[in-house]
Protein chains: 2
Amino acid sequence: MAEIGKNSVGIVQTQTARLVEAGQPLELECGESLAPIDVAYETYGELNGPADNAILICHALSGNAHVAGVNSPGDEKPGWWDMMVGPGKAIDTEKYFVICSNFLGGCSGTTGPSSVNPATDEPYCLDFPVITIADMVKVQKLLLDELGIKNLLAVLGGSIGGMQVLQWAIAYPDFVKAVIPIATTTHLGAQSIAFDAVGRDAILADANFADGQYHGKQGPDRGLAIARMIGHITYLSEQGMREKFGRELRSANEYSYEFNSEFAVETYLDHQGRTFVERFDANSYLYITKASDYFDLKKDFGTLTEAFVNVKSRFLIVSFASDWLYTPAQSGQMVDALIANRKDVSYCDIASPYGHDAFLLEPEALGSIISGFLEATHRPEVKSEKGKTKSKKRDVGGEIRDFEQARRPRVDYKLIESLIEPGSTVLDIGCGDGELLANLRADKNIKGEGIELQQEFVLACVNRGLPIIQHDVELGLENYADKSFDYVILSQTVQTVRNPEKVFRELLRVGKKVIVSFPNFAHWRCRVHLFFYGKAPVTKQLPFGWHDSPNIHFLSLKDFDGFCRELGVKVEKKIPLVKRHLRPIRFIPNLFAEQAVYVTSKK
Amino acid sequence: MAEIGKNSVGIVQTQTARLVEAGQPLELECGESLAPIDVAYETYGELNGPADNAILICHALSGNAHVAGVNSPGDEKPGWWDMMVGPGKAIDTEKYFVICSNFLGGCSGTTGPSSVNPATDEPYCLDFPVITIADMVKVQKLLLDELGIKNLLAVLGGSIGGMQVLQWAIAYPDFVKAVIPIATTTHLGAQSIAFDAVGRDAILADANFADGQYHGKQGPDRGLAIARMIGHITYLSEQGMREKFGRELRSANEYSYEFNSEFAVETYLDHQGRTFVERFDANSYLYITKASDYFDLKKDFGTLTEAFVNVKSRFLIVSFASDWLYTPAQSGQMVDALIANRKDVSYCDIASPYGHDAFLLEPEALGSIISGFLEATHRPEVKSEKGKTKSKKRDVGGEIRDFEQARRPRVDYKLIESLIEPGSTVLDIGCGDGELLANLRADKNIKGEGIELQQEFVLACVNRGLPIIQHDVELGLENYADKSFDYVILSQTVQTVRNPEKVFRELLRVGKKVIVSFPNFAHWRCRVHLFFYGKAPVTKQLPFGWHDSPNIHFLSLKDFDGFCRELGVKVEKKIPLVKRHLRPIRFIPNLFAEQAVYVTSKK
């Protein structure tokens with residue numbers, strides 16, 4: 001067994017359970033009913049004492065129940081997500097009890113169009129009823145009932161698996177503590193439907209398809225291979241394909257002037273098509289792509305917001321920047337709908353060149369955010385403890401040249417903390433690694449959320465168990481309702497955004513109070529710099545030269561006062577600060593304050 | 001004839017010419033030879049006296065010689081680019097003599113795989129030799145010879161037509177005054193090759209294909225339709241499809257739970273596939289897509305730069321922002337290669353949601369830039385006359401609140417003009433509508449080029465006959481060689497770029513001298529503002545509030561002096577200016593200058 005990796009779950013057997021008996025058919029969404037239903041599944045790890053560590057993985061179009069490990073000692077191909085699931089891996093089988101089943105309509109052990117129709121004793125083929133994502137999830141729930149699982153720590157999956165994850169959160173809100181929909185969408189757009197449709201056309205057009213009655217004969221292999229090839233192009237990104245294949249020729253240096261596969265990318269797709277045909281059923285391909293085309297939470301519920309009204313799970317939504325099949329923008333729509341419902345949602349758009357397939361190819365980035373989120377959900381007390389946070393604090397007294405540090409000098413954190421009422425709700429814009437929010441949660445029992453652009457900070461916040469949205473605040477906060485938060489914090493950021501007015505107006509709409517802090521450009525040192533030396537000021541609060549500063553606007557307390565007057569904003573508190581003292585200073589603040597903290601609200 | 005539009009070329013006949021006789025076959029790039037060769041073509045307008053107004057249009061994959069007008073009184077379908085070609089249209093048939101021919105390998109009158117093979121008296125089918133873009137262009141040249149055309153004002157075309165345009169410029173540098181490659185590429189990337197390959201696979205997999213010998217029988221209609229559907233998805237953009245079709249169902253409101261075409265986008269693609277089959281030959285589809293896959297100027301010449309060494313034409317390269325088949329980045333590579341060769345090249349990336357097909361769907365934007373470029377090429381003296389330019393000058397004395405005006409106040413233009421040696425070469429960064437360059441050309445006989453981000457300014461420059469590249473200077477000037485220009489001008493822009501150091505270094509590399517002008521942040525009014533009032537300065541030179549300024553860096557003469565010292569840059573001239581006077585001021589310039597003009601160079 002040396003050939004099985006050290007962190008492998010080892011040899012596993014796919015098991016099968018009859019979940020629906022012949023006499024008691026399952027009612028499907030299309031109106032038809034189905035029986036019997038068998039389901040193939042695998043499990044890894046052990047259900048713990050409190051039975052609070054079960055995780056369900058939902059697979060995508062071409063996946064199956066075999067997630068991790070190998071099926072026999074000689075088996076050279078581990079499960080499709082082996083890099084993510086195993087002892088010590090992101091989905092740690094030493095901590096969690098992991099279940100995955102082949103979905104309804106599949107062709108890897110679960111009842112589908114190639115199963116025998118009891119009415120005819122022949123394979124169903126196109127007599128199999130058209131199934132939906134909701135039907136698949138219904139059957140998965142039957143499996144969990146059968147296994148005695150009373151609740152799930154998490155459901156996760158990518159692509160069509162992600163659709164099942166969304167359906168789980170909606171259909172069984174009390175059953176699922178957390179969900180992780182990855183590289184998925186609440187509905188296919190016209191382009192994705194088009195690709196699916198052309199793929200199905202290629203199968204239907206194959207002379208060997210024979211209205212689906214190809215069992216025991218030569219099947220529609222070329223049609224299915226073409227469908228797979230089309231799909232495969234959409235799973236990769238233009239960049240990924242360019243870097244992997246470019247215009248490389250398979251073997252020769254010169255063109256063959258023949259119609260064979262001569263570019264490397266052609267050979268690769270040919271191979272993908274050919275090997276797919278060996279392991280997949282053409283009818284299943286029709287049914288599953290149709291199920292994904294039909295999936296449309298907006299249609300089901302009227303609006304996306306309505307779709308998520310009753311969910312109770314924590315959400316971690318993950319997209320990949322180069323995924324053009326189920327795009328980051330589509331993930332953004334889910335995020336918005338969950339925000340509109342004030343749900344516990346985090347969102348990360350992982351930078352990756354691998355397109356849609358990145359959910360199978362980015363084990364590090366994806367693994368660390370999944371494991372952090374699972375642990376913060378499973379053992380929140382461990383992840384949110386304050387000590388960990390404190391140790392990350394940096395010295396702010398010294399010369400600050402580092403961009404990130406200067407962006408958010410922590411000197412005003414203590415003061416901001418003192419301004420916030422215990423038990424209130426707080427949105428921190430540009431929250432960095434979540435230190436302020438974590439402190440506020442520990443000290444003041446607030447309910448905090450963050451918005452942050454940088455991936456590593458998003459990860460840090462997820463690790464702290466903080467709801468965090470990867471988002472550029474300059475794009476607005478459209479889906480946050482008016483007065484969603486008691487406080488919105490914009491610490492040391494107003495001078496770095498392109499459009500401070502737009503941003504500030506949004507914050508004032510979303511927060512009952514907005515706390516803004518910024519460096520005072522009219523501090524006497526700055527004035528002296530410009531007045532006597534005729535130079536752009538470089539001070540400890542404004543530590544950058546004119547040409548390398550992240551600060552793209554310069555303002556003083558007076559400027560901000562005027563700004564608030566212009567916008568009709570009420571200044572509730574105005575606290576000029578010198579860095580050394582955390583007490584406000586009172587003498588000519590616009591001259592002596594190095595920075596200022598304002599508490600403002602709409603009049 | 002009331003049904004024919006007023007600006008139509010009217011009724012035209014497609015003509016056919018035998019260009020290669022049976023006895024004198026044409027040598028093809030693949031090594032085989034071909035005879036006879038007939039070519040179908042149409043012409044519009046008249047060749048003028050000097051015979052300098054002939055324009056060749058090259059068509060794309062599914063096009064043909066019938067560009068404009070109708071073929072009979074009852075004909076309801078005008079030519080494929082009728083909106084662009086006609087009296088008074090962008091390609092004005094009252095000014096120009098326009099020619100278009102069906103390309104070699106096509107199926108609309110020119111010799112191709114469905115033509116009769118004289119060796120067998122049967123259609124060639126797959127015995128037709130594999131042809132290339134270069135072969136197509138060779139045959140087009142034969143047609144022009146036959147028509148007695150000695151030179152072309154321009155060759156233009158989109159997509160595969162654009163490849164022919166590029167080939168024209170390279171193969172016949174002395175024959176072509178100007179070329180306009182639109183939405184095209186010097187080589188297909190892996191993703192585009194993949195789509196072509198899958199399309200061909202669909203044809204080859206069709207049982208009716210019969211190794212191409214389908215003439216007189218049922219052809220591979222379903223395979224060809226699938227190829228066309230795949231192609232069609234790539235011609236549109238995701239946004240375009242979303243906006244046009246969304247998830248609309250063809251007729252019903254509810255899902256059919258059947259495998260028919262029920263989404264509107266499916267029905268649309270079905271229709272595209274079906275109608276294509278009626279007018280196109282499957283073998284031609286194989287040959288033409290293969291020719292486009294093979295097209296690779298880099299492979300032919302070693303590097304793209306080498307490919308364009310000998311071209312003499314003016315270039316106007318046009319891409320469309322949402323084109324993901326032949327991307328703006330690919331157009332950018334051509335632009336770079338032409339710049340590296342110091343050729344006369346203009347580039348415009350037209351904002352459009354229509355994807356690759358925008359070259360057929362954006363008659364206004366595309367038409368105005370094409371007509372401007374054609375006219376500036378045909379009658380340069382008319383387009384570059386100075387009076388026109390002057391009338392566009394705006395009042396710079398009044399209160400400037402307009403972003404664009406403030407970006408480039410013209411007060412320093414006169415001074416900059418006075419600094420430039422007659423007959424020199426000049427690159428103007430952020431050149432706006434090209435006023436400064438046009439004046440320099442008229443007054444000092446300089447050879448000028450511009451870089452500009454905004455589409456309307458690019459158009460204005462093309463209209464003036466100025467080479468203009470649509471480009472963000474913050475991305476660098478990689479493909480401009482060291483010391484390419486006597487002068488590089490950066491007027492009133494250094495304070496608005498994110499990374500002034502990077503930009504300035506690039507300019508110093510590319511220009512022997514760099515002329516920089518900027519507003520002086522240490523003018524006494526600014527100092528007083530900050531020192532006494534404690535507010536961010538708002539003056540005529542810095543007319544914006546702290547929060548709505550396009551100026552994201554603030555610098556004084558002293559700051560810029562220090563910057564030059566830091567970078568080891570030689571300040572050859574330093575001219576502090578007060579706006580009222582165009583003479584430099586000498587008394588404490590950093591205090592009294594409202595703006596400054598520097599002439600700098602690398603030490």
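Buried area is the accessible area, taken with a 1.4 Å probe, that two parts lose on being put together, summed over both. Keep that in mind for the views below, which all come from a predicted model.

**View 1. Two chains, one big handshake of buried area.** Put chain B and chain A together and about 7,500 Å² gets buried between them, with carbon and sulfur atoms giving 68% of that. Chain B brings 85 residues to the contact, and chain A brings 85 residues too.

**View 2. The axis that relates the copies.** Two copies of a chain are related by a rotation about an axis and a shift along it. Here, a turn of 180° with a shift of 0.0 Å along the axis lays chain B on chain A, and the RMSD is 0.0 Å. That is the relation of a two-fold axis. Both copies use the same surface, since 100% of the contact residues of chain B turn up again in chain A. Which residue of chain B comes closest to the rotation axis? Look for B:Ile552, whose C-alpha sits 2.2 Å from it.

**View 3. Charged pairs and polar contacts between the chains.** Chain B and chain A share eight salt bridges, while the whole structure has 40 over all chains. One to pick out joins the side chains of B:Lys290 and A:Glu262, at 3.0 Å from N to O. Another salt bridge pairs A:Lys299 with B:Glu254, at 3.8 Å from N to O. This second pair runs from helix H8 (residues 297-301) of chain A, home of A:Lys299, to the loop between H5 and H6 of chain B, where B:Glu254 is found. Across the interface of chain B and chain A there are also 20 residue pairs in polar contact, both at pLDDT 80 or more.

**View 4. The helices on chain B's side of the interface.** Several helices of chain B each supply at least two residues to the side that touches chain A, among them H4 (221-235), H6 (264-279), H7 (282-294) and H20 (524-533). Which helix gives the most? H3(B) does, with twelve residues. Sorted by class, this side of chain B has 47 nonpolar, 15 polar and 23 charged residues.

**View 5. Domain 1 meets domain 3 inside chain A.** Chain A is divided into domain 1 (1-150), domain 2 (152-187 + 295-379), domain 3 (189-294) and domain 4 (410-602). The view picks out domain 1 and domain 3 of chain A, whose C-alpha centres lie 25 Å apart. Their contact takes 19 residues from domain 1 and 21 residues from domain 3. Between them, domain 1 and domain 3 of chain A bury about 1,600 Å², with 71% of it on carbon and sulfur atoms. On the side of domain 1 that touches domain 3, the residues split into 13 nonpolar, five polar and one charged. The salt bridge count between these two domains of chain A is zero, but six residue pairs are in polar contact, both at pLDDT 80 or more.

**View 6. Some unusual backbone spots.** Most residues other than glycine have a negative phi, and most peptide bonds are trans. A:Cys125 goes the other way: not a glycine, yet with a positive phi of about 55°. You'll find A:Cys125 in the loop between strand S10 (122-123) and helix H1 (133-147) of chain A. A cis peptide bond joins A:Ala35 to A:Pro36, with omega about -10°. A:Pro36 belongs to the loop between strand S3 (33-34) and strand S4 (37-44) of chain A. In chain B, B:Ala35 and B:Pro36 are likewise joined by a cis peptide bond, with omega about -10°.

Note on methods. Residues numbered from 1 in each chain as written. Chains lettered and ligands numbered in written order. Predicted model: local features only at pLDDT ≥ 70, side-chain atom pairs only at ≥ 80, totals over all residues. Heavy atoms only, no water. Domains from an automatic or database assignment. Contact = heavy atoms within 4.5 Å. Salt bridge = Lys/Arg side-chain N within 4 Å of Asp/Glu carboxyl O. Polar contact = N/O pair within 3.5 Å; in protein donor to acceptor, adjacent residues only side chain to side chain. Nonpolar A, V, L, I, M, F, W, Y, C, P; charged D, E, K, R; others polar. Least-squares fit on C-alpha atoms with pLDDT ≥ 70 in both. Helix = DSSP H or I, 4+ residues; strand = E, 2+ residues; numbered from the N terminus.
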